[in-house]
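Ready for a few exercises? Take a look at what follows, try each task yourself, and then walk through the solution.

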Amino acid sequence: MTKKIKDFHSIKFTGKFDRKKFYVTTPIYYPNDIPHVGHAYTTIAADILARWHKLKGEDVFFLTGTDENAKKVFLAAQKKGIPIKEFVDKLSGDFKNAWEKLSIDYSRFIRTTDENHVKEVIKILEKTHKKGDIYKGFYEGYYCIGCEAYYTEKDLEDGCCPIHKTEAELMKEESYFFKLSKYQKKLLEHYKKNPNFILPRKRAKEIINRVKGGLNDLSISRKDYGWGIKIPFDNTHVVYVWYDALTNYYTATREKGKEKFWPADLHLVGKDIIWFHAVIWPAMLMSLEIKLPKTVFAHGWWTFDKEKISKSRGKIINVDELISIAGSDSIRYFLFREGNFGEDIDFSKEKVIERHNNELADKLGNLVSRVSALAEKYGIEKAITHTHRANSQNKLFNKFKAKEIEKHFDNFEIDKALNLIFEFLHLCNEYVQEKKPWETHDKKVLFELVDSIRKINPYLGIFMPQTSQKIAKIFKNDKIKKAEILFKKIEK
Ligand code: MSP
């Protein structure tokens, strides 16, 4: 148990030797362009959950990375006239930089061009082939390069991909197939026995209905076009990118010391790629006789004027632009405060600024500044809540809904957890107004406030790591000094 949370409160912590593990993943992103709000959303969500489980004293493995062996990545490099390896090296670096700016504390950044990943993919293919779950055939059908996915004619809208609205390519070629259809029954049984396998529930229903409708075998190779992992039993073919990409979650745990993290506790994905994670991936694992992940959670999309972001229509915002609006912590806060994790939410810069000014500057910033100023002026009475029994004597802090927050985190209701934390900050502000410590000089009240801020600060750190560090410094000692402004207001 870390010192930081030793005298925390009601949450049950695991001991040093029986530490629970928590393994969370983000999708691995295509390095065909720089990271944008959609990538940031999933990655911050994973970071928040990873930080929550670390706070509980668990042994956390948080995996993110880049999905490099894709045809769309290859074509993007070609278009720019940059050698493909150089291109993916640069862009995977851009993703790493973006995550650093957003305080993403991942455990490993995997690249599907990593040697150990490639080795493991080859082993997996060999094993599946040996088992008889891969056969040679001929693929004839549609393909959307944006999705890197196969479509049937009836999936398309006027010949176009329903997601990218671009024309799907008609593909006709020899291909290896994975016997996905063989696992239909087993998948349905698994969904039934494990109601938390696909979340939120409404997404599970959609997937289950589709699986009930029947599964086609999956084309998992294409003729070698000069990029990608070669099929071990036929060097003229390369592996279909999703087949290679999905395995990253497992191959990352094939490193020394990491084996204990499999199966993953949580794959966080956007709703557009749930099929791959909730149907194809578990079927691949079933074939390999490897344990399945516990949960696949699909979140909604950030939209612009209610439309999915799109580069061609200029409705996109990249990570640097996001941070430039009001800073890294503010955007981390905004993305989970603005709407329900799981639903689509509409983005606007104005709303980021409004929340930054009205909530971070006026509520959190103001509370910290007032309480620290008053504590400097009148001092605090720590004797009253000196020991562990303190919690019950801090009437203000008793109103903090730690149990409910824990429940929300366990249900991946990140936004609801954040709302409760801010509800409590609101109570603290009201308490200052009501008790008027600047008139009464009541040291007990001041201590209750200081103590409450100290205790909720680790929760704030889950969402806003930089701010939380500043707050910790301000209230570290009992000789408190008036704090510098935490959030400068931004003009619209
Ligand atoms: N490479 C695949 C994933 C392979 S995982 C084994 C891929 N990459 S991606 O770069 O296209 O981005 C993936 C993630 O970003 C998805 O979870 C997707 O939902 C998310 N987002 C992309 N645009 C988004 C929004 N506008 N809003 C929220 N998230 C969205 O797919």
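Helices here are DSSP runs of H or I with at least four residues, numbered from the N terminus. One more thing before you start: this is a predicted model.

**Exercise 1. Find which element supplies the largest share of the shell around the ligand.**

Solution. Start with the shell itself: 23 residues surround the ligand, and Ile28, Asp67, Gly270, Asp272 and Trp302 are the closest. Next, look at the elements that each bring at least two shell residues: helix H1 (37–55), helix H7 (241–246), helix H8 (248–251) and strand S12 (266–270). The largest share comes from H7, with 3 residues. By type, the shell splits into 13 nonpolar, 8 polar and 2 charged residues.

**Exercise 2. Work out which atoms of Ile28, Tyr30 and His39 lie by the ligand's polar atoms.**

Solution. Take the backbone first. Ile28 has a backbone N or O atom 2.8 Å from a ligand nitrogen, and Tyr30 has one 3.1 Å from a ligand oxygen. Then turn to side chains: a polar side-chain atom of His39 sits 3.2 Å from an oxygen of the ligand. Finally, check the cover: on its own the ligand exposes 660 Å², and the protein buries 95% of that.

**Exercise 3. Decide whether Thr64 is buried or exposed, and find the partner of its side chain.**

Solution. First, locate Thr64: look in strand S2 (residues 59–66). Its relative accessible area is 0%, and buried means under 20%, so Thr64 is buried. Now follow the side chain, which makes a polar contact with the side chain of Thr26 at 2.7 Å. Beyond its neighbours within four places in sequence, Thr64 also touches other residues, including Pro27, Trp99 and Phe109. Trp99 turns up again in the largest nonpolar core, which has 92 residues; Trp99 is among those that touch the most other members.

**Exercise 4. Spot the unusual backbone angles at Pro200, Pro263, Lys165 and Asp305.**

Solution. Keep the general rule in mind: most residues other than glycine have a negative phi, and most peptide bonds are trans. Check the prolines. The bond from Leu199 to Pro200 is cis, with omega near -10 degrees, and the one joining Trp262 and Pro263 is cis too, with omega about 0 degrees. Pro263 lies in the loop between H8 and S12. Now check phi: Lys165 has a positive value near 60 degrees, and Asp305 has one near 50 degrees. Lys165 is exposed, with a relative accessible area of 52%, and Asp305 counts as exposed at 56%.

Key
Residues numbered from 1 in each chain as written. Predicted model: local features only at pLDDT ≥ 70, side-chain atom pairs only at ≥ 80, totals over all residues. Heavy atoms only, no water. Core = buried A, V, L, I, M, F, W, Y, C linked by side-chain atoms within 4.5 Å. Buried < 20%, exposed > 50% of the residue type's maximum accessible area, 1.4 Å probe, protein only. Near = heavy atom within 4 Å. Polar contact = N/O pair within 3.5 Å; in protein donor to acceptor, adjacent residues only side chain to side chain. Areas by Shrake-Rupley, 256 points an atom, 1.4 Å probe, with all protein chains shown as cover. Nonpolar A, V, L, I, M, F, W, Y, C, P; charged D, E, K, R; others polar. Contact = heavy atoms within 4.5 Å.
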